[in-house]
Amino acid sequence: MARRMRASSILTIAGDVRELKDRGVEVADLTVGDFSPAEFPMPARLAELLHQALRDGEVNYPPAAGVKELRQAVREHLLRTQQLDYPIESIAIVGGARPALYSAYRLLTDPGDTVLYPVPSWNNQNYRDICELNARSVLCRPEDAFQPTAALLAPHVRDAKLLVLNTPQNPSGGVMPRAEMQRFGELLVEENARRQRTGGKPFYLILDQIYRALVFPGSEHFSPVQLVPECRPYVVHVDGISKFCAATGLRVGWLAAPPAIASKAVALLTHLGAWAPRPAQVASAKFLREIDTVAAWEAEMVERVRERLQVLHECVQELRDAGLPVSAVPPQGAIYMAVRFDLAGRVTPAGEVLRSNEDIRSYLLQNAAFALVPFSAFGVAAEHENGWFRASVGAIGTDALRAAVPRVASAIRALS
């Protein structure tokens, strides 16, 4: 397992970006899957509640399953926003989405089992390696905003123990349509009915919906449990405040699952110490129950993210209209957009051939101060990347996006 572990390629790219910035270069940094506080400060009310929790001395270990008030607030939040009615025993508070994803992977699979997931997708290849699993990764299409369809994945479910979906999606920003999510719910029910007849082990779904609130007009987020209630015993929801509150460092996430799974996740993560900090839990519980405040904040956050992604899309279109080989998937949700720079085979002024996405990424960074993450960071084999990258707007303003266009155009035109 140790031999299979790899450092995050995204963090490696971040090091390249920092090196340029340290030399005084103004970089259009679209690599960060996080938020710059200067661009996206956390809700002022949440900050007030956090400070109050600290003043009140809420600094001890939290209960293993999470502060009861937060578990109840999350229960109410799920019911209000998604009509998901889970008992409090189904809710486990954890230190961000990662421990929830890891615990679900670890508890629902044994070494040698097969996990099924679409690519591009975030971090599945690393959880695969940690849990010593076989992977069936299925390449998705730009015309589907890189979201999978049930028809695409259905041929691979029979020998899989676990399916992992993420919507709105990191890295593409694609949002799964309602009809497609319903088909996945039906697929879960059908496959588990077949396994019950043949004595097979259950087939589970992890639904990573950490970007649930960041959905733009024209798209809508659903859980399969909303649409096909019969699939509920087989679904683990992962969510938290990290993205919709621009508060990734507070590490408040949650898992909503059948009680037997939730209780085992609590037991596992207790031994890892993967709790959300108590003051952050106390503050989040109060914040989530201020319904009007949360609704107003979500609307503001969606608009601010959408504005930046729309400007980025307009910048890409400007390059395309100028005859340059650049395209993008229109933004639907999250803080990301999938952008294509079809530059493979071009030759740089220094005489070097751009043979791969990594070559293209490095060239754009060094010659246009334009920083992107290649799809290889999201499980796509190098031969299938085809010029596609993730662009994130979490740490950049609209002026910086517009200022980058001439630099990018000049760098592409310098290629032969």
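**Close-up 1. Helix 2 and helix 10 cross in a right-handed way.** In this predicted model, helix 2 covers residues 44-55 and helix 10 covers residues 278-288. Their axes lie 8 Å apart and make an angle of about 135 degrees, so the two helices count as oblique to each other.

**Close-up 2. Here are the residues where helix 2 meets helix 10.** On the helix 2 side, look for Arg45, Leu46, Leu49, Leu50, Ala53 and Leu54. Helix 10 brings Pro279, Ala280, Val282, Ala283, Ser284, Lys286 and Phe287. Sorted by class, that contact has 10 nonpolar residues, one polar residue and two charged ones.

**Close-up 3. Seven strands line up in an open sheet.** Reading across, the order goes 2-8-7-6-5-3-4, and the pairing is mixed. Strand 2 (91-94) and strand 4 (134-139) are the edge strands, each with pairing on one side only. From one strand to the next, the twist averages 20 degrees.

**Close-up 4. Strand 5 and strand 6 run parallel.** Strand 5 takes in residues 162-166 and strand 6 residues 204-208, with five bridges joining them. Find Leu163, and you'll see Leu205 of strand 6 standing opposite.

**Close-up 5. Helix 7 and helix 9 each pack on the sheet.** Helix 7 (residues 178-198) touches strand 5, strand 6 and strand 7 (235-240). The direction of helix 7 makes about 155 degrees with that of strand 6. As for helix 9 (residues 259-272), its contacts are with strand 2, strand 6, strand 7 and strand 8 (253-256). The direction of helix 9 makes about 25 degrees with that of strand 2.

Notes. Residues are numbered from 1 along each chain as its sequence is written. This is a predicted model: local features need pLDDT of at least 70, side-chain atom pairs count only at pLDDT 80 or more; totals for chains, interfaces and linings use all residues. Side-chain values use heavy atoms; hydrogens and water are left out. Axes are lines fitted to C-alpha atoms, for helices over the stretch in contact, and angles run from 0 to 180 degrees between N-to-C directions. Helices (H or I, at least four residues) and strands (E, at least two) are DSSP runs, numbered from the N terminus. Angles under 35 degrees count as roughly parallel, over 145 as roughly antiparallel, 65 to 115 as roughly perpendicular and the rest as oblique. A crossing is left-handed if the near helix is turned anticlockwise from the far one by less than a right angle, and right-handed if clockwise. Contact means heavy atoms within 4.5 Å. Ala, Val, Leu, Ile, Met, Phe, Trp, Tyr, Cys and Pro count as nonpolar, Asp, Glu, Lys and Arg as charged, and the others, Gly among them, as polar. Two strands pair if DSSP finds at least two bridges between them.
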